[in-house]
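Subject: Structure for your bench work, with notes

Dear colleague,

I am passing on the structure we spoke about, and I have set out my notes below it. Please read them with the structure open beside you.

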Amino acid sequence: MAKTDWKAEAKTLKKKLSKLKAKDAAPAKPAKMVSPLAPAGFPALPVIGGVEYAAVEAGVRYSNRKDVMLIRLAPGTAVAGVFTRSSTRAACVLDCQAKLAGKVDAAAGAAIVVNSGNSNAFTGAVGVEAVEAVTGAVAKALDLPASRVFSSSTGVIGEPLPYEKITAKIPDLVQDLREDGIEMAARAMMTTDTFAKGASAVVHGDGGEIRIAGIAKGSGMIAPDMATMLVYIFTDARISTVNLQKLLSRQVDDTFNAITVDSDTSTSDALILAATGQSPAAEIALRSRVAKDFEAALKAVMLDLAHQVVRDGEGATKFVEVKVTGAASPEDAHRVAMAIANSPLVKTAIAGQDPNWGRVVMAVGKSGAQADRDKLTIRFGDVLVAEKGWRSPDYSEEKAAAYMQGDELVIAVDLGLGKAAKSVWTCDLTHRYIDINADYRS
């Protein structure tokens, strides 16, 4: 009979006990807090004829929540898209871009499949294999051409996507498709988001109403070049693919490319706009009254969703518009606005409710845009802070400090050099941002 080494065994048990005690003593992860800037609830969005949604729990990364969603689009749907310009964009983004650039069977239906928890980015040939497996399985299940199935993935970069978990759930997704499941789809693609995002509009077309409904996800890694998010907008409008793409592309710079949370651009941004053509209204022709109304409504939905992304910025407590006027060129207006909106010094001052206007002066100066100290005017809301190369003689630190306590702020800068203007939207930078991102993969 072998002799037992009781000392060694006792030592091992002692180590295990120490680990258990440490685990019990460790503070629990704080529950996800809903952004204080969040809307009251998910909006009531109109049903869009020809669009169905489903979502399931596949366990891609998260437990006890839906993390994969499927959208089926009716035959004849026109599809347009805008994507990140990152040079390290994910396999699913490259696949979507290639499919939209190719020839399209106008009579075919389409589908969108999205997973959260894993971005399938920087995963090489394995990432391409995952995209082909997922889109191919959806195409087979819905009897669609593989070229009409678009996929998106969001989450951790650099980890292989366990696509078998997704393909195994496709029969359940197909079975559960329904036209009133848009909120469920919005929730399934959330990562660090604290609330689901939706927006809608109705346009009076020739012969009937045209409806628009959109959903988005995004909270961190948000900066122009399509910010950092996934956005899906649906309409029952009758419009050609070419015209749909034109209208979408024209509105991106003033909406999703005019927001920033942390100046970081994602590998996985995608905005897909689908028009099913099932409205009773006549087809939309460019340069018509209906086209103008439709484009304005589309922009309103896009801007609403973009603002919601900023309101859900990781750790955000302030929603801030940076409004630049009087620039010598549109490019300069954009440079100044983004320099202010992306400045960690400006953003932390906002978080601390400190009207530190010197940081705004700094950001204007570093932007690379044409500026003249003696023509510069700075306002915090209605409070005139600086003008004519110096602090305004009427400036009140108390009034400025009181203004900074608000949840929604405007920082206005007039360069006094021209007529170009630009507004961008951002949020403050708090310690909560560090907490979220330091713990993101654990």
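The notes below cover the sheets, then the aromatic and charged contacts, and then the cysteines.

This is a predicted model, in which local features need pLDDT of at least 70 and side-chain atom pairs count only at pLDDT 80 or more, while totals for chains, interfaces and linings use all residues. Residues are numbered from 1 along each chain as its sequence is written, and side-chain values use heavy atoms, with hydrogens and water left out.

Helices (H or I, at least four residues) and strands (E, at least two) are DSSP runs numbered from the N terminus, and two strands are said to pair if DSSP finds at least two bridges between them. One open sheet has 4 strands in the order β1-β2-β4-β5, with mixed pairing; its edge strands are β1 and β5 (149-156), each of which pairs on one side only. From one strand to the next the twist averages 15°, where axes are lines fitted to C-alpha atoms, for helices over the stretch in contact, and angles run from 0 to 180 degrees between N-to-C directions. Within this sheet, β4 (residues 110-118) runs parallel to β5 and is joined to it by 8 bridges, and V114 stands opposite S152 in β5. Helix α3 (residues 124-142) lies across β2 (68-73), β4 and β5, at about 140° to β5; contact here means heavy atoms within 4.5 Å.

Another open sheet is built from 5 strands in the order β3-β9-β8-β7-β6, again with mixed pairing. Its edges are β3 (78-83) and β6 (197-205), each with a single partner strand, so one side of each is left without a neighbour in the sheet. Strand β3 is antiparallel to β9 (residues 270-275), with 6 bridges between them, and V82 stands opposite L271 in β9. Helix α7 (residues 241-252) lies across β3 and β9, running at about 30° to β3.

Strand β11 (residues 377-380) pairs in the antiparallel sense with β14 (residues 408-414) over 4 bridges and with β12 (residues 383-387) over 3 bridges. I378 has V413 as its bridge partner in β14 and stands opposite A386 in β12. The hairpin of β11 and β12 has 2 residues between the strands, and G381 there takes a positive phi near 65°.

The structure holds 1 aromatic pair, formed by Y53 and F234, which meet edge-to-face at 5.8 Å centre to centre with 75° between the planes. Rings of Phe, Tyr and Trp (its six-membered ring) pair if their centres lie within 6.5 Å, and planes under 30 degrees apart count as stacked, over 60 as edge-to-face and the rest as tilted. Y53 lies in β1 (residues 51-56) and F234 in β8 (residues 230-235), so the pair ties together parts that are 181 residues apart in sequence. Both Y53 and F234 are buried (under 20% relative accessible area, with exposed being over 50% and partly exposed in between, for a 1.4 Å probe and protein chains only).

K197 lies over the face of F195, 4.5 Å from the ring centre, and the charged end of R311 sits over the ring of F319, 4.1 Å from its centre. A charge sits over a ring if NZ of Lys or CZ of Arg is within 6 Å of the ring centre and within 35 degrees of the ring normal.

Finally, the structure holds 0 disulfides, a disulfide being a pair of cysteine sulfur atoms within 2.5 Å. For C92, the closest cysteine sulfur is that of C96, at 6.4 Å, which is too far for a bond. C92 counts as buried at 1% relative accessibility, and C96 is buried with a relative accessible area of 1%.

With best wishes
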